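Trainee: Hi! Could you walk me through a strand and a helix pair in this one?
Mentor: Sure, let's open it up and take a look together.
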Amino acid sequence: MAVPDARDMGGGPPSAAAGEITSVLRWDFDVAAALKVLNPKGYLADPTKGGLAAASIKWSDWVSVGAEGLVQAGVTATSNSLRADMRFYDVGTGRQVIQKTYEGRPEDARAFAHAFADEVVYQLTGTKGIFRTQICAVKRTRTGRELWVMDMDGSNARAITNNGSINILPSWSRNGREIYFTSYIRHNPNLYAIPVGGGKPRLVLGETGLNTGGQEAPSGDRLALTLSRDGNSEIYTVATNGSHLKRLTKEWAIDSSPSWSPDGRQIAFVSARFGDPHIFVMNADGSNVRRVTDRGTYNQTPDWSPKGDLIAFTARDERNVFDIFTVNPTTKEIRRLTQDQGNNEEPSFSPDGNHIVFTSTRNGDSHIFIMAVDGSNPKRIGRSGAFSTPAWSPYILTP
Amino acid sequence: MRKFGIFTIRTETQDALGRRPIAGSFSFAARSFAARPRAALLLAVMVCTSLTGCSKNTADLELDAARKAMDKASAQKASDCATATYKAAETALNEAQKLAADGKIDEAKAKAMEAETLADQAALASPPGCDEPKVATPDEPAQPETTDASMNLSIESALKNVIYFDYNDASIREDSKAVLEDVAALLQKAPATRIEVEGHCDVRGSTEYNLHLGERRATSVKKYLTAHGVEPSHVAVISYGEERPVDLGMSEEAHQKNRRAELKRQ
């Protein structure tokens, strides 16, 4: 893929918006693993010359640098408006595949570029792009823990709780509008839901003891979560309005951290019933419990891929370092995704199932990273600060 | 093999990590260090002793410190006010002296440091006046329900004790039992007192699992107290998992300080 600099259609010096669109497009295609972005330094074509249209493109310039796809963007920016014309060409045939024009305000530059990258990825792979999805994570503050939401590239990060208490374990509602989390705002660690834009938390469940890890079922009508109300940590389901509490596990040891299979028929979870914590799977009614990790001694934080074939988890290895692994729940085949890069923990799948967000201490403090599902192409996103438990949103409908 | 290492099976038990001795009696020293900074001094002396040979290899320093701590506890009437802890300290000191006499220097040092820790805890739980009998005035009938000022002080002091745990484990360690027995005895004498046990973990492991582990630690403390006569409804539990560490470091000492239960008056 070749992504030459976006050009200013007015012909003036490059605007901030054009620069932003160029960098977002390059970053996005680089993340979408199949679309390797060629180094712009090697491009033969002069980005200030020629037009956007197929007729004005010298195709030999792109064929000779090895590009198969070409994205060109033209920007018209004023102090309060932005118009971006973006096109995707198949270099081999010299054919224009996608053409989109976006109009809005100057601050929409990133969103326009992400939207176009989504179009291109869909065209090439048949899978919806993830570039307008978001990530919610917990940030350590001086007084406690607050929830932060950011775009999947780390931009537009903002706190959505600011109550000074401990707010942890975020998870997205299936429609992407609310985030479930556990908070100590009323002393007992209850389960709440808060609009993604922030606002007043709504109490979902306040059983005595821990109310943690609420995960909405794919059907959106109930949650799986862990409660300690019966004297021990067990997994339950409950309707999203807090009614119809149903206990699924009954073990002396810790059972926690449920994660739904995409068809809603099974739940992955952590259990220490055989001594060490391991990843287990059960039917959504609590029946047919089976262990899926038979290696390691400390496996936690399962997250079931939206594609259904993998469960990502955190494991402590033989050197007492934490790393990300995946396990196929049917074959039990385990693959290691991170190694020798600090501690890597708390994986959460992107909605296309092709990427994983996680925390890593490879640069010192605990930062947020994303990588491809095979462990390749790790990229740090977002600002500095101690972050934990990132959760990748579902596809979010943008107006 | 560049990227995907082999996910091997660890044959050691989980607990082995938390207890793994680093060098001789060092692991116990680390545990004491968690409880009181003064042991760090002893640790430094010990390291000096074993690494540089700058003084002869005996347990004299540790025994001396333990005896002084016992004297202080004794002067504060800890044998009356924190009976179980005081007795445990006494036993530990006797054992340490015996080990030293038998030439088991490292074990003697460890035991002496345990005695010193326990003696300090007993002294802490014995504020001035704690041994004075609560005499009812002639015109007022005895009111065992009332917590008078000195009892209050005793409870405050006793609740300052922190209960430490091994890695990924929620069972009450031997070195905490005497302290909890004293707390239980005090709470029975002051039935109006309500406490909350806070369970905490070190920062390793997942947020959610650690919340549940912390809950088990707090519940273990509650069970120990109720097994020693405390009314279950008088003890609440709450877990903060790894969210409220007392030490943000990543050393084993920091981890040990964070694996704890705290007793809070409600």
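Trainee: Which residue in S28(A) stands opposite A:Ile135?
Mentor: That's A:Trp392. Keep in mind that we're looking at a predicted model. A:Ile135 belongs to strand S5 of chain A, residues 134-140, and S28(A) covers residues 387-392.
Trainee: How many bridges join S5(A) to S28(A), and how do the two strands run?
Mentor: There are 4 bridges, and the strands run antiparallel. S5(A) also pairs with strand S6, residues 145-151 of chain A, through 7 bridges, again antiparallel.
Trainee: What joins S5(A) to S6(A) along the chain?
Mentor: A hairpin with 4 residues links them. For one bridge in that pair, find A:Lys139: its partner in S6(A) is A:Glu146.
Trainee: Why is S5(A) described as largely enclosed?
Mentor: Because 6 of its 7 residues are buried, S5(A) is largely enclosed by the rest of the structure.
Trainee: Okay, switching to helices! At what angle do H1(A) and H3(A) cross?
Mentor: Roughly 35 degrees, with their axes coming within 8 Å. H1(A) spans residues 16-31 and H3(A) spans residues 109-125. The crossing is right-handed.
Trainee: Which residues make that contact?
Mentor: On H1(A), they include A:Ile21, A:Val24 and A:Leu25. On H3(A), you'll find A:Phe112, A:Ala113 and A:His114 among them.
Trainee: And how many of the contact residues are nonpolar, polar or charged?
Mentor: The contact of H1(A) with H3(A) has 9 nonpolar residues, 1 polar and 3 charged.
Trainee: Great, thanks!

Key
Residues are numbered from 1 along each chain as its sequence is written. Chains are lettered from A and ligands numbered from 1 in the order in which they are written. This is a predicted model: local features need pLDDT of at least 70, side-chain atom pairs count only at pLDDT 80 or more; totals for chains, interfaces and linings use all residues. A residue is buried if 20 or more other C-beta atoms lie within 10 Å of its own, exposed if 12 or fewer, and partly exposed in between; C-beta atoms are placed from the backbone. Two strands pair if DSSP finds at least two bridges between them. Axes are lines fitted to C-alpha atoms, for helices over the stretch in contact, and angles run from 0 to 180 degrees between N-to-C directions. A crossing is left-handed if the near helix is turned anticlockwise from the far one by less than a right angle, and right-handed if clockwise. Two residues are in contact if their C-beta atoms, placed from the backbone, lie within 7 Å. Ala, Val, Leu, Ile, Met, Phe, Trp, Tyr, Cys and Pro count as nonpolar, Asp, Glu, Lys and Arg as charged, and the others, Gly among them, as polar.
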